[in-house]
Amino acid sequence: MIRSMTAFASGERATPWGTLGCELRSVNHRFLELGVRLADELRVLEPALRERIGARIGRGKLDLTLRLRPPEGGDALQLNPTRLRELSDLAIDLSARFPALRTEFTDLLQFPGVLQAPSTDPAELQAQALALLDSVLDEFVASREREGGKLAAVIGERVDAIAKIASDVRTMMPAIRVGQRAKLEARLADLAQPADNGRLEQELVMWLQKLDVDEELDRLDSHVTEARRVLKLREAVGRRLDFLLQEFNREANTLGSKSVDARSSAAAVELKVLIDQVREQIQNIE
């Protein structure tokens, strides 16, 4: 299925340590370029994140943001009741030996282990982050495919129009040849010196052969068939279509250079317009 390189997806996931948030966005690019912004607790995941995205995305300039928002009040320091109990027991034991011993509350809080930050489970947090990324990636790829379907429809319409023009030119070519032959014979008839009939016929045939565009029209038909086939492939086709557009353009240029009639010249110009429109569309295809 055709995929666009422009897309956006986001998601959140609640964990015991806060809310994970993930955003993934992309724009056009010749290759896959991934920028990553991660919460400090998740920086160790960067290689795994890049690998997962690279396995599903072929082209585009992507920006991934993965953040962790602490729960309301969840980042506040907490008292360690076990350590406080140990210090209390110790104070009772020492009070008989040191009756004048006094401990300030602020001094007690500075004792190692009395105050502590909420603990996290790094492995579980990382697993939750990867699961969130997979979910966002599913949405991201689906978004690319939806937009790609629209692009494929537009391109298909232009390809059909190209096929129609090629068919029209093929239909009008016999009349164009007859008209050009009549014009040339009329000009030769006005010459003061009559030309040798055998030589005249030979030159006329050679001249008409130079104007023949059947080969170019055959190749255009072949390119149209290939473009329709490529648009149905379930893989990245942007580069393939880009190369095919070069072939379309080559045939349109040759058709224009061989044209000696206003109708075929206009057809060549319209072909180039359609080809440029398709080229603009495929710049956004993966």
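Which strands does helix 1 lie across? Keep that in mind as you open this predicted model and begin by selecting residues 46-56, which are helix 1. The helix lies across strand 2, strand 3 and strand 4, and runs at about 145° to strand 3.

**Stop 1: the sheet under the helix**

Now show the strands. You should find an open sheet of four strands in the order 1-2-4-3, with mixed pairing. Strand 1 (7-15) and strand 3 stand at the edges with a single partner strand each, so one side of each has no neighbour in the sheet. On average, neighbouring strands here are turned by 10° against each other, direction ignored.

**Stop 2: strand 4 and its two partners**

Select residues 60-69 to light up strand 4. Add residues 32-38, strand 3, and you have a parallel pair joined by seven bridges. Two places to click are Gly-35, whose bridge partner in strand 4 is Asp-63, and Glu-33, which stands opposite Lys-61 of strand 4.

Next, bring in strand 2 by selecting residues 18-27. Strand 2 pairs with strand 4 in the antiparallel sense, over nine bridges. Try Glu-23, which faces Thr-65 in strand 4, and then Arg-25, whose bridge partner in strand 4 is Asp-63. You have met Asp-63 already, as the bridge partner of Gly-35.

**Stop 3: from strand to helix to strand**

Keep strand 3, helix 1 and strand 4 on screen and hide the rest. What handedness does the β-α-β unit made by these elements have? The unit is left-handed.

**Stop 4: a pair of helices**

Move along the chain and select residues 214-230 for helix 6, plus residues 238-258 for helix 7. Two packed helices are described by the angle between their axes and the distance between the axes. For this pair, the angle is about 160° and the axes are 10 Å apart. Since angles over 145 degrees count as roughly antiparallel, helix 6 and helix 7 are therefore roughly antiparallel to each other. Helix 6 passes helix 7 in a left-handed crossing.

To see what fills the contact, turn on side chains. From helix 6, the residues include Leu-220, His-223, Val-224 and Ala-227; from helix 7, they include Leu-241, Leu-244, Phe-248 and Thr-254. Color by residue class to finish: how many nonpolar, polar and charged residues does the contact of helix 6 with helix 7 have? There are seven nonpolar, two polar and eight charged residues. Among the charged ones you can pick out Glu-216 and Arg-219 on helix 6, and Arg-240 and Glu-247 on helix 7.

Definitions and conventions: Residues are numbered from 1 along each chain as its sequence is written. This is a predicted model: local features need pLDDT of at least 70, side-chain atom pairs count only at pLDDT 80 or more; totals for chains, interfaces and linings use all residues. Side-chain values use heavy atoms; hydrogens and water are left out. Two strands pair if DSSP finds at least two bridges between them. A crossover is right-handed if, with the strands pointing away from the viewer, the path from the first strand over the helix to the second runs clockwise. Axes are lines fitted to C-alpha atoms, for helices over the stretch in contact, and angles run from 0 to 180 degrees between N-to-C directions. Angles under 35 degrees count as roughly parallel, over 145 as roughly antiparallel, 65 to 115 as roughly perpendicular and the rest as oblique. A crossing is left-handed if the near helix is turned anticlockwise from the far one by less than a right angle, and right-handed if clockwise. Contact means heavy atoms within 4.5 Å.
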